[in-house]
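Student: Please take a close look at one part of this model, the surroundings of a surface patch, and work outward from there. I would like a single connected account.

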Amino acid sequence: MAELLAQIRDQRPFETRYEGVEQIFHLLKSLNDLVRLCSELKHAFPFDEYATVDALPVIEVEFSHLKNATDSPGRFTLLDTPGPNEFKQPHLKKMLRDQLRKASAVLAVFDYTQLKSEADVRSELKTIAKNFDGRMYALVNKFDQKTKNSDDRETVKKIVSSELMDGLIAESHVFPVSSFHGYLANHARHQLALHGKIDPNEPWVEDFARKAFGEFWEDRIHDPAEVKKGADLLWKNSGLPAPLAEVIVVAHQNAARLALQSTSRKLLDQADN
């Protein structure tokens, strides 16, 4: 962190805008390191300065799954909050609850391999779910690690809805998914759209090919038609099309109504306080 410390001593502020993957990554890493640096120097990080969503760093990208959607009067923003398992840090707990009060919907992410192990996390999620009646959803990630002896899709939905969340999240709002499969499939489709083929020498390609084609992938990876077919199937099997259609696209189409509902909730909170 010496470079960051030198920047602080020289009073060189961060830029207001960064473009490109490398610059954005460097900024986010530096902001994370600032928190660690404060801890090392026994200096309190000014979390109160980030009490409003407008003060948080924002990454603007084209969300490809909405690019052909009809025009909407609203903006679609994903806020990646601290997880409930980070609640041992009081400042994060306060920040999380403050940001959730401003959200139109909440998407909780569970780990398929550890579904029944974190009681304190479930307790916190139940508290959140009570304030988001009908607007809380669950992604159960790493579903690609399912074996023939582990819980299937319908069983997982029942476990999350009934056992873990006491019915506070409907079964229809629980989506077993594989973000890894989704990432590989989307990466392949993106490369095909840009270049008409994928480069077998890129480090992610073997992971994609083994998931899409199995052990005998090397002969098929050079055929763009085969790659597209494999990517489309892998994307479908990732489970992500369902939450995209039923949560993200629906929220986008109803942005105006959701914004009014959100504002009404804030006014009620203010009145109560």
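Tutor: Leu28, Ile59 and Val61 make up a nonpolar patch on the surface, and their accessible area together is about 270 Å². The coordinates belong to a predicted model, and every value here is computed from it. Within the patch, leucine 28 belongs to helix 2. Its relative accessible area is 32%, so leucine 28 is classed as partly exposed.

Helix 2 covers residues 21-40, and serine 30 is also part of it. Serine 30 has 7% relative accessibility and therefore counts as buried, whereas leucine 28 is partly exposed. Setting aside neighbours within four places in sequence, serine 30 is in contact with Leu4 and Phe14.

The charged side chains of helix 2 come next. Aspartate 33 and arginine 36 meet in a salt bridge, with an N to O distance of 3.0 Å. These two residues are 3 apart in helix 2, which means that about one helical turn separates them. An α-helix has 3.6 residues a turn, so residues three or four places apart point the same way. The accessibilities of the two partners fall in separate classes: aspartate 33 is buried at a relative accessible area of 12%, while arginine 36 is partly exposed at 46%. The pair also belongs to a network of salt bridges that links Lys29, Asp33 and Arg36.

Other salt bridges lie elsewhere; a search of the whole structure finds 11. One of them joins the side chains of aspartate 10 and arginine 12, at 3.7 Å from N to O. Arginine 12 is partly exposed, with 43% relative accessibility. Another joins aspartate 166 to lysine 126, at 3.0 Å from N to O. Aspartate 166 sits in the loop between helix 5 (153-164) and strand 3 (174-176), and lysine 126 sits in helix 4 (residues 119-130), so this bridge ties together parts that are 40 residues apart in sequence. Aspartate 166 is exposed at 52% relative accessible area, and lysine 126 is partly exposed at 21%.

For a contrast with charged pairs, consider the aromatic ones. The structure holds 3 aromatic pairs. Tryptophan 204 and phenylalanine 208 form a tilted pair, with 6.2 Å centre to centre and 55° between the planes. Phenylalanine 208 also pairs with phenylalanine 213, edge-to-face, at 6.1 Å centre to centre and 75° between the planes. Trp204, Phe208 and Phe213 are thus linked by ring pairs into a cluster. Tryptophan 204 and phenylalanine 208 are buried; for phenylalanine 208 the relative accessible area is 0%. Phenylalanine 213, at 11%, counts as buried.

Two of these rings belong to helix 7 (residues 205-213), where the buried residues are Val205, Phe208, Ala209 and Phe213. Viewed down the axis of helix 7, the buried residues fall within an arc of 95°, so they line one face of the helix. They pack against helix 6 (179-195) and helix 8 (224-237). Just after helix 7, glycine 214 takes a positive phi of about 85°.

As for the setting of these parts, the protein has 10 helices and 3 strands. Of its 273 residues, 33% count as buried. The exposed area is about 18200 Å², of which carbon and sulfur atoms supply 51%.

Key
Residues numbered from 1 in each chain as written. Predicted model: local features only at pLDDT ≥ 70, side-chain atom pairs only at ≥ 80, totals over all residues. Heavy atoms only, no water. Buried < 20%, exposed > 50% of the residue type's maximum accessible area, 1.4 Å probe, protein only. Helix = DSSP H or I, 4+ residues; strand = E, 2+ residues; numbered from the N terminus. Arc of directions from axis to C-beta. Contact = heavy atoms within 4.5 Å. Patch = residues over 30% accessible without salt bridge, like charges linked within 9 Å, V, L, I, M, F, W, Y side chains within 5 Å. Areas by Shrake-Rupley, 256 points an atom, 1.4 Å probe, with all protein chains shown as cover. Salt bridge = Lys/Arg side-chain N within 4 Å of Asp/Glu carboxyl O. Phe/Tyr/Trp six-rings, centres within 6.5 Å; stacked < 30°, edge-to-face > 60°.
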